[in-house]
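Dear colleague,

I am passing on a structure that I have been looking through, and I would be glad if you could read the notes below with it open beside you. Please take your time with each part.

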Amino acid sequence: SDSLASFFSGGTSSQLIRVSQTGTGPIDPSWNPQVEGTPYTLSFADGNLLVGGGLYKTADQVRLGFVALNADASPEAAFDAEAPGGAIFAVGAQPDGRLIVAGQFAKADGYLRLGLLRLNADGSVDAGWNPSYKGLVRAIAFATDGSAIVGGYLSEIGGQSVNAIAKLSSVDGAADPDWTPDLEGGVLALASDNAGFIYAGGLFNHNSGTTYQRNLVRISDSGTGAVDTTWQADPQSKVEELSLDGNGALFVRGQFQTMNGEPRKKIAKLLTTGPSVLDLLWNPQPATQMYEIVADGLGSVFVAGGAFSLAGGGYTAGIAKLSASGVGVADPLWKPFSGRLARHIAIDAQSSSLFAESSTYDPTSGIDTYYLTKHSPPGTGEADPSWNPTVNGAVACIQVNAGKVLIGGYFTQVS
């Protein structure tokens, strides 16, 4: 098919829709899953759309906050839930196609599952995998051996005490008793480099007895889960997002003002190899709050929400295209729009497209206007005028997966 599926959430009517990539982005009226509740996460597996969030009903069937939708928008029966009111915060796909699902729920398909479960490739609950944890999982990553790494506000898994992060058995979900990084606080972001290390960010501290680290650490994904005390990032406050570029750099977003004792306002570039951790040159210095950071792995970093100084004077705002090298200068020619607040962006590497959500506010009428746009990362970033679906409420997330744009938010009408 030449259509690009887009899924929207929010409002009191159907929370998910599909629009075409071509033309003006018309809605497919035959695709209507009739979701009640707010979806938070979307992804694809084996031809199904996987939806997680504060769902409680889909096509008049009770759901757990997570549902797989077939190509015709009908719900996959294997994902039925017995307890309404659930919410999903994180979903991770194992290399073998099974899914780890975390959130706030109590039951699924008759199985008692207090906030964490695994689904088989056919969508059924894995009866033998039951971590039974206390706390809240907010992030999922995978070790090189395929084991799930979960992070959040955790105190116990299967009767074993843990601190914020744990490595779970692929057999039964039990916490590995030997893998104990011991982070005091909460983990909000995880990233795996697929080379033996897990990067964990959040609001926590780690004390090895000789070395003190906080809010961002690098951990061996095997053995005892040793925290690398030679890799010292030391953000002074909370880390909320991590983006590895595949070229030896880790881009970090959070509420910090310093990194390694150097001024770094909300974003920083860290090096995953070599003796130095902080890139001492890269310092874009955003002037406002930021909401999303995405490294494209091709030499650029896109940031939504911030205003950035330009070389030679002036600012670029809404979405900035920053160089991933040097001082991180903003591209003065890449100005997809002005006067808008952008919160969410996603890059489709296959089609070399950037999808964005932005908004304007009219103080006289008190009305927000929301925009969904498609841009080309090269050149000036001008929006594609032929791709122009509009919504009457805020968009909460945008993801690109296998040629599809997945969009969730808080609105009731799309045209």
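In the protein chain, which has 415 residues, buried residues make up 51%. Please keep in mind while reading that this is a predicted model. The accessible surface of the chain comes to about 16,700 Å², and carbon and sulfur atoms account for 50% of that surface.

As for secondary structure, the protein chain has 28 strands and 0 helices. If we count the contacts with a separation of 6 or more, 38% of them are between residues 24 or more positions apart.

I then followed one stretch of the chain, beginning with strand 13, which covers residues 184–192 and runs antiparallel to strand 14, residues 197–207, with 8 bridges joining the two. One place to find this pairing is Val 187, whose bridge partner in strand 14 is Gly 202. Between these two strands the hairpin has 4 residues, and in this hairpin Asn 194 takes a positive phi near 60 degrees.

Strand 14 also pairs with strand 15, which spans residues 212–220, again in the antiparallel sense and over 8 bridges. Here you can look for Ile 198, which has Ile 219 in strand 15 as its bridge partner. The hairpin of strand 14 and strand 15 has 4 residues between the strands, and Gly 209 in this hairpin takes a positive phi near 105 degrees.

With best wishes

Notes. Residues are numbered from 1 along each chain as its sequence is written. This is a predicted model: local features need pLDDT of at least 70, side-chain atom pairs count only at pLDDT 80 or more; totals for chains, interfaces and linings use all residues. Side-chain values use heavy atoms; hydrogens and water are left out. Two strands pair if DSSP finds at least two bridges between them. Buried means under 20% relative accessible area, exposed over 50%, partly exposed in between (1.4 Å probe, protein chains only). Contact means heavy atoms within 4.5 Å. Accessible areas come from the Shrake-Rupley method with a 1.4 Å probe; for residues, only the protein chains shown count as cover.
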